[in-house]
Each structure stands twice: as C-alpha cells, then as structure tokens.
Amino acid sequence: MLFPALSAVMLVLVTVAFALPIFLTENAAGMLEGVGSYVVAFLFYLVSYFVIFFCNSALVGAAMIRLRGGDPTVADGFRIAGSKVGTIFGYALIAATVGMVLRALQERAGFIGKIIIGLIGMAWNLATFLVVPVLVTEDVSPVDAVKRSMALLKKTWGEQVIGGFSLGAITGLATFLLILVFVPMIILAVSAGSPVLIGLVIGGFVLSLLLLSLVNATLSGIYTAALYRYAAEGDVSQGFEAGMVEGAFRPKD
C-alpha cells in the first residue's frame, strides 16, 4: 500500500522538521526555573503532539479509503487531515495537558509513585488508542473523541492490547537485531580509524532504524483503521479475514 508508506515518511520528516527546534528549546527549559520551564515543556508537547496527530490522521484517512476499496493519494490523506485541523489541535492540547500533569507528578513522586503514574500513562494510551480514526471519521469534538475511543475500548480492549503488543514486540525484536548487526560494525570501523567508514556505518544504522519506524507507523495506521471500522461500523475491511477480525469481538457475558 503505497500511500500509507509515503504518509509515514512525511510523518517522520515533518515531525523532525517542526519538533526538533522545540525539542532543543525544551532542553533549555532546564536552565529556567518555576513556571517558565513548564511553559516551555508544554509548548514542546503541544507542537510535537499536533504534528504527530496531524500526520497520523493523514495516514489513517488514507488507510480508511483503501480499506473501503478506494485508491488514495497523498493529497487525499492530507486533505482529510486538513479538514480536521481544529479538532486535531484540540486533541493535541488535551494530550499535552495530560502529558504535563503526568510529568509534573512523576517528578515529585517516589519509586512506587512513579510506577503508579506509569500505569496511569499506559491506561491513557490504551483508552485513546482509537482517537485518531474517530477524529478522521466522525464529526465530534476532541473531548467526545476521547469518550468515543474509551467506549470502543470496552469492545476492543483485548485486540488492542494483543495487537499493540505484537507490533511493539516485532519492532523491538527488529531493533535488537539491528543493534546486534551494527554495533560490531561500528566498533570495527572505529578500530580502523576511517572517518568515512564510521560515517557510512552509522548512517546505515540510522537509515535502518528510520525504515523500521516507517514500517511500524504504516502497520499501526492500517491496524487502527481496520479495528475502528469493525468496532464502529461492523464492517470487515478488505485484506482482513472475517474470522480473524470477528473473533476479536465477543459479547460480554
């Protein structure tokens, strides 16, 4: 599927282009005191989340078209995201606020408190797993999108956990294998004392990690779109076997 891959490329490039200056500024927040550091950190969260959610919306929007049998283009995905830019910004504002609150609490918590806050963060990520497809597909406010995602969570929580874990495990394993391959190569390049060779090996490692992140982003976008379609619309998307998707949704006893 060409467009989701292209959208994932743009997701990474745009995120780096827009978020890196804010990231550098956020690092300077350590030199600020009190409210100033939190303001800078909040802006970092807000800009980063907005760029990521906007690009993810374009990716999921294109995936929705493809899963319904259409043939999306890059313009189609970003047209969909552009039509939802206000709602996306609103959700980025909510996510940034939650992120800042959790960060502030974690800085003041002890060991047990950090674990509890980490679990709260995981619960938030799970509850908002389907927010992007909700924003793309439904005409709702950011707050209602979160509520809608939580409602769908009750129906899809098992599949969300299993699917998210599976994708994360595969990506983690692939990353580990890349480290096993490239770390010895980097050591050998450093031993050889060749700046050109060192640059080529490190460049190959970074490029491999980038390609891996693109594949993971594409698969995640397609997966969330297909999961949302069945949960909200009762339709099995093209490319997915009916038994595989329907088996993820069982009525409560």
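**A predicted helical chain in questions and answers**

Colleague: Which residues make the nonpolar surface patch of about 760 Å²?

Modeller: In this predicted model, one member of the nonpolar surface patch, Leu 119, has its place in helix α5, which spans residues 111-127. The patch comes to about 760 Å², and the residues that make it are Phe 111, Ile 112, Ile 115, Ile 116, Leu 119, Ile 120 and Met 122.

Colleague: How many helices and how many strands are there in the protein chain?

Modeller: Reading from the N terminus on, the elements of the protein chain run α-α-α-α-α-α-α-α-α. The count for the protein chain is therefore nine helices and zero strands, where a helix needs at least four residues and a strand at least two.

Colleague: What length does helix α4 reach from its first C-alpha to its last?

Modeller: Helix α4 covers residues 85-108 and has 24 residues, for which 34 Å is expected at 1.5 Å a residue. Its buried residues include Ile 88, Tyr 91, Met 100 and Leu 102. The reach of helix α4, from first C-alpha to last, is close to the expected value, at 35 Å.

Colleague: Where do Asp 76 and Arg 79 lie?

Modeller: The side chains of Asp 76 and Arg 79 meet in a salt bridge, with 3.6 Å from N to O. Arg 79 is called exposed because its relative accessible area is 51%, and exposed means over 50%. The two residues are three apart, about one turn of the helix, and both lie in helix α3, residues 74-83.

Colleague: Is Glu 138 buried or exposed?

Modeller: The side chains of Glu 138 and Arg 148 meet in a salt bridge, with 3.0 Å from N to O. This pair links distant parts of the chain, 10 residues apart, with Arg 148 in helix α7 (residues 142-192) and Glu 138 in the loop between α6 (131-137) and α7. Arg 148 is partly exposed, with a relative accessible area of 29%. Glu 138 has a relative accessible area of 17%, and since the cut-off is under 20%, Glu 138 is therefore buried.

Colleague: What percentage of the accessible surface of the protein chain belongs to carbon and sulfur atoms?

Modeller: Of the 253 residues in the protein chain, 37% are buried. The accessible surface of the chain comes to about 13,800 Å², and the part that belongs to carbon and sulfur atoms is 73%.

Colleague: Among contacts between residues at least 6 apart in sequence, what percentage join residues at least 24 apart?

Modeller: These contacts are taken within the protein chain, between residues at least 6 apart in sequence. The part of them that joins residues at least 24 apart is 70%.

Conventions
Residues are numbered from 1 along each chain as its sequence is written. This is a predicted model: local features need pLDDT of at least 70, side-chain atom pairs count only at pLDDT 80 or more; totals for chains, interfaces and linings use all residues. Side-chain values use heavy atoms; hydrogens and water are left out. A salt bridge is a side-chain nitrogen of Lys or Arg within 4 Å of a carboxyl oxygen of Asp or Glu. Buried means under 20% relative accessible area, exposed over 50%, partly exposed in between (1.4 Å probe, protein chains only). Contact means heavy atoms within 4.5 Å. Accessible areas come from the Shrake-Rupley method with a 1.4 Å probe; for residues, only the protein chains shown count as cover. Patches are made of residues with over 30% relative accessible area and no salt bridge: like charges are joined within 9 Å, nonpolar side chains (Val, Leu, Ile, Met, Phe, Trp, Tyr) within 5 Å. The expected span of a helix is 1.5 Å times one less than its number of residues.
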